[in-house]
Amino acid sequence: MAPLILVALWPVSPVGAFAVLMLSHMLILYPTLRANVQWLGPVVTRFATDRKELWLTIDDGPTEDTAEVLKLFASRGVKATFFIKGKLALERPELIEAMLAAGHTVANHSHTHPSASFWCATPGRIAFEVDECQRAIARFTAPSRWFRAPVGMKNPFVHPLLARRGLRLIGWTARGFDGVAADAEKVVERILPDLRPGAIVMMHQGGPQSLRMLQGVIDAAQERGYAFVVPEDAALA
């Protein structure tokens, strides 16, 4: 409708016509670029619990630090979900097997993680990224019911495809921008205010400070009485 309104308004008010065009674009761009905005479809941002429990989700694996991350989790009694890249899983199957053997779960974070273009991906490209990662996961365990988009971005084509695949889009409650930050203390400071029972904590692995950041968040949360669990799908909200 925006182009038609633009043509109709332009002779009367070029500024008004341009404003309508910009608004129509923003109505699409805002929920596309803002991960937890649900204008295009449901996004899981918490889970139901009556205990001080958190869901720790780790993006972008498997990576070279996976073994150390698993040691950290074992030492702290943490259970987590790794949102993995399908291509990396096929290249390092032993790391996926180690995640599962330690009692963690793996979920879909796309096959190649096209972070710069997934927000504007075509239906065919989205299907490829989702389906190929599902096939990779199926080599190790049951196909995941959870998907997290690269950088959390989605577009109007994502939710219909996920619905057809029986997948739920997983966002987060708390994030520390650890994928781009270098200061572990600041990452912890960003995450702690958003912790509450049922919060989803989103972090990354594979960075130079990832292990230190994970340890900082885990220790600070446990000092406040929180436990890290993997919730049942029915508890996700």
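Modeller: Two strands count as paired when DSSP finds at least two bridges between them. Helices are DSSP runs of H or I with at least four residues, strands are E runs with at least two, and both are numbered from the N terminus. This is a predicted model, in which local features need pLDDT of at least 70 and side-chain atom pairs count only at pLDDT 80 or more, while totals for chains, interfaces and linings use all residues. Residues are numbered from 1 along each chain as its sequence is written, and side-chain values use heavy atoms, without hydrogens and water.

Biologist: Happy with that! How many helices and strands are there in the protein chain?

Modeller: The protein chain has nine helices and eight strands. Of its 237 residues, 46% count as buried, that is, under 20% relative accessible area with a 1.4 Å probe on protein chains only, where exposed is over 50% and partly exposed lies in between.

Biologist: What joins strand β6 to β7?

Modeller: Two bridges join β6 (residues 174–175) to β7, and the strands run parallel. Two bridges satisfy the minimum, so β6 and β7 count as paired. Within this pair, A174 stands opposite V201 of β7.

Biologist: And how many bridges join β1 to β7?

Modeller: Six bridges link β1 (residues 53–61) with β7, again in parallel, and W55 is the residue opposite I200. β1 also has β2 beside it, through five bridges and in parallel; there G61 faces I84 of β2.

Biologist: What makes β7 mostly covered?

Modeller: Six of the six residues of β7 (residues 199–204) are buried. A199, V201 and M203 point one way, I200, M202 and H204 the other, and all of them are buried.

Biologist: Why is β2 described as largely enclosed by the rest of the structure?

Modeller: Five of the five residues of β2 (residues 80–84) are buried, so the strand earns that description. A80, F82 and I84 point to one side and T81 and F83 to the other, with all of them buried.

Biologist: Let me pick a single residue: why does H204 count as buried?

Modeller: H204 has 16% relative accessibility, which is under the cut-off, so it counts as buried. H204 belongs to strand β7. Apart from neighbours within four places in sequence, it is in contact (heavy atoms within 4.5 Å) with I58, D59, D60, D178, G179, S210 and L214.

Biologist: For contrast, is A102 buried or exposed, or something in between?

Modeller: A102 has 31% relative accessibility and therefore counts as partly exposed. It is found in the loop between α5 (93–101) and β3 (105–108). Leaving out residues up to four places away in sequence, A102 touches L70 and K79. A102 and L70 are 32 residues apart in sequence, and their C-alpha atoms are 7.5 Å apart in space.

Biologist: On to the helices: why are α6 and α7 called oblique?

Modeller: Two packed helices are described by the angle between their axes and the distance between the axes. Axes are lines fitted to C-alpha atoms over the stretch in contact, with angles from 0 to 180 degrees between N-to-C directions. Angles under 35 degrees count as roughly parallel, over 145 as roughly antiparallel, 65 to 115 as roughly perpendicular and the rest as oblique. For α6 (residues 123–138) and α7 (residues 158–165) the angle is about 45 degrees, with axes 10 Å apart. That angle belongs to the rest, and therefore α6 and α7 are oblique to each other.

Biologist: Which residues of α6 and α7 meet?

Modeller: P123, I126, A127, V130 and D131 of α6 meet V158, L161, L162 and R165 of α7. By class, this contact holds seven nonpolar, no polar and two charged residues.

Biologist: And why are α3 and α9 roughly parallel to each other?

Modeller: The angle between α3 (residues 66–76) and α9 is about 15 degrees, and the axes are 10 Å apart. That angle is under the first cut-off, so α3 and α9 count as roughly parallel. The contact is made by E68, V69, L72, F73 and R76 of α3 with L211, L214, Q215, I218, D219 and Q222 of α9.

Biologist: What about α8 and α9?

Modeller: The axes of α8 (residues 184–191) and α9 (residues 210–223) come within 9 Å and cross at roughly 40 degrees. These two helices are therefore oblique to each other. A184, V187, V188 and I191 of α8 meet R212, M213, G216, V217 and A220 of α9.

Terms used: Ala, Val, Leu, Ile, Met, Phe, Trp, Tyr, Cys and Pro count as nonpolar, Asp, Glu, Lys and Arg as charged, and the others, Gly among them, as polar.
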